[in-house]
Amino acid sequence: MKGDLKLFGAWPSPFMYRVIWALKLKGIHGYEHIEEDLKKKSDLLLKYNPIHKKIPVLVHHGKPICESLVILEYLEETWPDKYKLLPTDPCERANARFWLKYQEDLGSTILKVFLPDGGEEQERAVKESLEALKNIENELGDKKFFNGDKVGMVDLAYAWLLWQEMMQEVANVRLVDPQSFPKLWQWMINFKEAPIIKDNLPDRDEAMAHFRLELADLAKQA
Ligand SMILES: N[C@@H](CCC(=O)N[C@@H](CS)C(=O)NCC(=O)O)C(=O)O
């Protein structure tokens, strides 16, 4: 392992899991995990991510790298010969980056699906999310994973769909189900069963209990 590596995270953040999976897929062990309380952030987190004040932050040789996808790119560049997260062909790489950006642009829309008070904004978010999910399903096609037969960066980025599936059960809002999105559904199963991933997923019951509390908090604030 190259030098000193620390990961600031907060269970069960899907953004943090992206980094954990990438580190483990690349076989980078021995990093230090620092668990943050997001209601009482540490001075170190605020120092390392003063702009967004969010986890995950990876600190390598004392230098912070913020934003989960930026961290994944950093890991790919720093350890290029270990498990490859991006395709090597420039055109395929560009396509992977297109879908990485697509899911980032979709983030705030998906969150609005879970607005506690519903209404027009939520309806619009559901409609837009369903359209986007159709595009994502078409991109996936009959492939096992987005880049073929091995988990890659795009899969790690879209793994929030697993969180979405747990949230929809808690919030009683349905976006993805096996009938309307059979390929995405199968991909979620493939992803959960993939080596490394399957041993590093949050416990479903504990995560659902956490989401119930979060949604109750959101409803109180609304
Ligand atoms: N775009 C960021 C999102 C990270 C994010 O939203 N982290 C949440 C936890 S899931 C956080 O730290 N929230 C604290 C806050 O908003 O104050 C990434 O990809 O790293």
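Which residues are buried in helix 1? In this predicted model, the buried set consists of P14, M16, Y17, R18, V19, I20, W21, A22, L23 and L25. Helix 1 covers residues 14-25, and with 10 of its 12 residues buried the helix is mostly covered. Its length holds no surprise: from the first C-alpha to the last, helix 1 reaches 16 Å, close to the 16 Å expected at 1.5 Å a residue.

Helix 1 is one part of a fold with 9 helices and 4 strands. Read from the N terminus, the order of elements is β-α-β-α-β-β-α-α-α-α-α-α-α, so to speak a chain that opens with strands and helices interleaved and ends in a run of helices. Contacts across the sequence are well represented: of those between residues at least 6 apart, 69% join residues at least 24 apart.

The overall dimensions can be described in two ways. Along the principal axes, the C-alpha atoms fill a box of roughly 50 × 45 × 30 Å. The radius of gyration is 18 Å, which agrees with the value near 17 Å for a compact globule, because that is what 222 residues would give. Buried residues account for 46% of the 222 residues in the protein. The accessible surface comes to about 11,700 Å², and carbon and sulfur atoms contribute 53% of this area. As for charge, there are 31 positive and 36 negative side chains, and the centres of these two sets lie 4 Å apart.

Helix 7 (residues 160-171) deserves a closer look. Its end C-alpha atoms are 16 Å apart, in agreement with the 16 Å that its 12 residues should span at 1.5 Å a residue. Because 10 of these 12 residues are buried, helix 7 is largely enclosed by the rest of the structure. A residue counts as buried here when its relative accessible area is under 20%. The buried positions are W160, L161, L162, W163, Q164, E165, M166, M167, Q168 and V170.

What covers the buried residues of helix 7? The cover includes helix 1, which brings the opening helix of this account back into the picture. It also includes helix 4 (90-112), helix 5 (119-140) and helix 6 (153-158). From later in the chain, helix 8 (182-193) and helix 9 (204-221) are likewise part of the cover. Just after helix 7 comes N172, with a positive phi near 60 degrees.

Terms used:
Residues are numbered from 1 along each chain as its sequence is written. This is a predicted model: local features need pLDDT of at least 70, side-chain atom pairs count only at pLDDT 80 or more; totals for chains, interfaces and linings use all residues. Side-chain values use heavy atoms; hydrogens and water are left out. Helices (H or I, at least four residues) and strands (E, at least two) are DSSP runs, numbered from the N terminus. The radius of gyration is taken over C-alpha atoms; the globule rule is 2.2 Å times the number of residues to the power 0.38. Buried means under 20% relative accessible area, exposed over 50%, partly exposed in between (1.4 Å probe, protein chains only). Contact means heavy atoms within 4.5 Å. Accessible areas come from the Shrake-Rupley method with a 1.4 Å probe; for residues, only the protein chains shown count as cover. Lys and Arg count as positive and Asp and Glu as negative; His and the chain ends are not counted. The place of a charge is taken as NZ of Lys, CZ of Arg, CG of Asp or CD of Glu. The expected span of a helix is 1.5 Å times one less than its number of residues.
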